[in-house]
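Visitor: Could you take me through one part of this protein in detail? I'd like to hear about a strand and the charged side chains around it, in plain bench talk.

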Amino acid sequence: MPGQPTGFGYPEQSTVGSAGPPASGFAYPGRPVSGFGAVAALPGQPGGAALPGQPAYPAGSAAPAARRRWPVVALALAGLLAVVAGAQAYQIHRLDDRLTATDRRLADAQGATGNRLDGLEQRAGALEKQAGAAFNPEAVASAVLPSVFRVRAGDFTGTAFAVGKPPAGGGTTLLTNFHVVESVHAGGGRKVFLERSDQRFEATIVRVDRTKDLAQLRTAARFKPLVAAAKPVRSGQQIIVVGAPLGLQDTVTTGVVSALRKDEGDAGPVIQFDASINPGNSGGPVISGTKEVVGIATAKARNAEGIGLAVPIRTACDTFSLC
């Protein structure tokens, strides 16, 4: 039209370009422009339409493939735990077997040790017996000397020793040879004296046996009695003789049993030994290595050496009902 620029203009519409619909698409009142080719969202739906036949998943949810992996992972973990548990059970079983074997070895070792200890104790006991059986004159003399005394009967001296049970009324019973107290007894006397070091004790002649050359004495003083041997002596057995030869108290000599002589008449058997004795030894004890009295020294051979005689202790015990 005259008086207007070239081309027609529409209110609020650009005049650039040719007539017709705008290249960018149509604008409709109340509806936004989403751009060319944009799909409009349907009311009540999220910003994308679901495909037919498939479920709709909320935003941020795991995919179906990830869901399918969880059972596999759980089975793998269960298998791993089973393997670990089996390995631990196997190790525990092996450890239990090793502990059992160790206990068995310890028990065997303890049993062997116990057997060795028993063997050692038996050997020690045997050695003690051998040591006890070993001849020790010093130990024997030390044990018996307190029970041996010098006897003074008038003008004669000899030896006596305590033996047997205490007599009725107390005191001590002693033995000696009859020929030691013969002069006092023959004169009607009964009193003799026991001497030891600087001590003197009165004693009484209780009984005598002339044939066996034995005399029993008793004193009111108390002394430890010597033990009478229960078994007879044997040839070669070691002995000691304790007495007061020539009045010398506490004299000890050693030797062996030479022989056991048979009964000659009513005197009975005698023990022959080679220990040195002299006048004053008469009535003294002949002692074994076990500190037991085996005989009573009585006499020695004249014009000879190493031949002494003793009355067996059993003869004296039986004669006077002692021991």
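Guide: Here's a walk along one strand, its partners and its salt bridges, with a few stops elsewhere at the end. Keep in mind that this is a predicted model.

Let's start with strand β4, which covers residues 191-196. On one side, β4 pairs with strand β1 (residues 148-153) in the antiparallel sense, over three bridges. If you want a spot to click on there, valine 151 stands opposite leucine 194 of β4. β4 also pairs with strand β5 (residues 199-209), again in the antiparallel sense, this time over six bridges. Here phenylalanine 193 sits opposite glutamate 202 of β5. The hairpin of β4 and β5 has two residues between the strands, and serine 197 takes a positive phi near 55° in that hairpin.

Now for the charges. Searching the whole structure turns up five salt bridges, so let's go through some that touch this hairpin. Glutamate 202 and lysine 191 meet through their side chains at 3.4 Å, N to O. Since glutamate 202 belongs to β5 and lysine 191 to β4, this pair ties together parts 11 residues apart in sequence. How covered are the two partners? Glutamate 202 counts as partly exposed because its relative accessibility is 45%, and lysine 191 gets the same label at 47%.

Next, look at arginine 200 and glutamate 195, whose side chains form a salt bridge at 3.5 Å, N to O. With a relative accessibility of 9%, glutamate 195 counts as buried. Glutamate 195 and arginine 200 are also part of a salt-bridge network that links them with Arg150 and Arg152.

Then there's arginine 196, which makes a salt bridge with aspartate 250 at 2.9 Å, N to O. Arginine 196 is in β4 while aspartate 250 is in the loop between β8 and β9, so this pair ties together parts that are 54 residues apart in sequence. Arginine 196 is buried, at 16% relative accessible area, whereas aspartate 250, at 33% relative accessibility, counts as partly exposed.

While you're at that loop, have a look at glycine 247, which is found between β8 (238-243) and β9 (251-261). Glycine 247 is buried, with a relative accessible area of 18%. Its C-alpha atom is 7.3 Å from that of arginine 150, although 97 residues separate the two along the chain. That's the arginine 150 you just met in the salt-bridge network.

Two stops away from the hairpin, and then I'll let you go. Glutamine 272 lies in strand β10 (residues 270-273) and counts as buried, at 13% relative accessibility. Its side chain makes a polar contact of 2.6 Å with the side chain of arginine 261. Leaving out neighbours within four places in sequence, glutamine 272 is in contact with a set of residues including Val256, Ser258, Ile307 and Leu309.

For something on the outside, head to helix α1 (residues 64-133), where you'll find tryptophan 70. At 62% relative accessibility, tryptophan 70 counts as exposed. Together with Val73, Leu77, Leu80 and Val84, Trp70 makes a nonpolar surface patch of about 510 Å².

Notes:
Residues numbered from 1 in each chain as written. Predicted model: local features only at pLDDT ≥ 70, side-chain atom pairs only at ≥ 80, totals over all residues. Heavy atoms only, no water. Patch = residues over 30% accessible without salt bridge, like charges linked within 9 Å, V, L, I, M, F, W, Y side chains within 5 Å. Areas by Shrake-Rupley, 256 points an atom, 1.4 Å probe, with all protein chains shown as cover. Salt bridge = Lys/Arg side-chain N within 4 Å of Asp/Glu carboxyl O. Helix = DSSP H or I, 4+ residues; strand = E, 2+ residues; numbered from the N terminus. Buried < 20%, exposed > 50% of the residue type's maximum accessible area, 1.4 Å probe, protein only. Polar contact = N/O pair within 3.5 Å; in protein donor to acceptor, adjacent residues only side chain to side chain. Contact = heavy atoms within 4.5 Å. Pairing = 2+ DSSP bridges.
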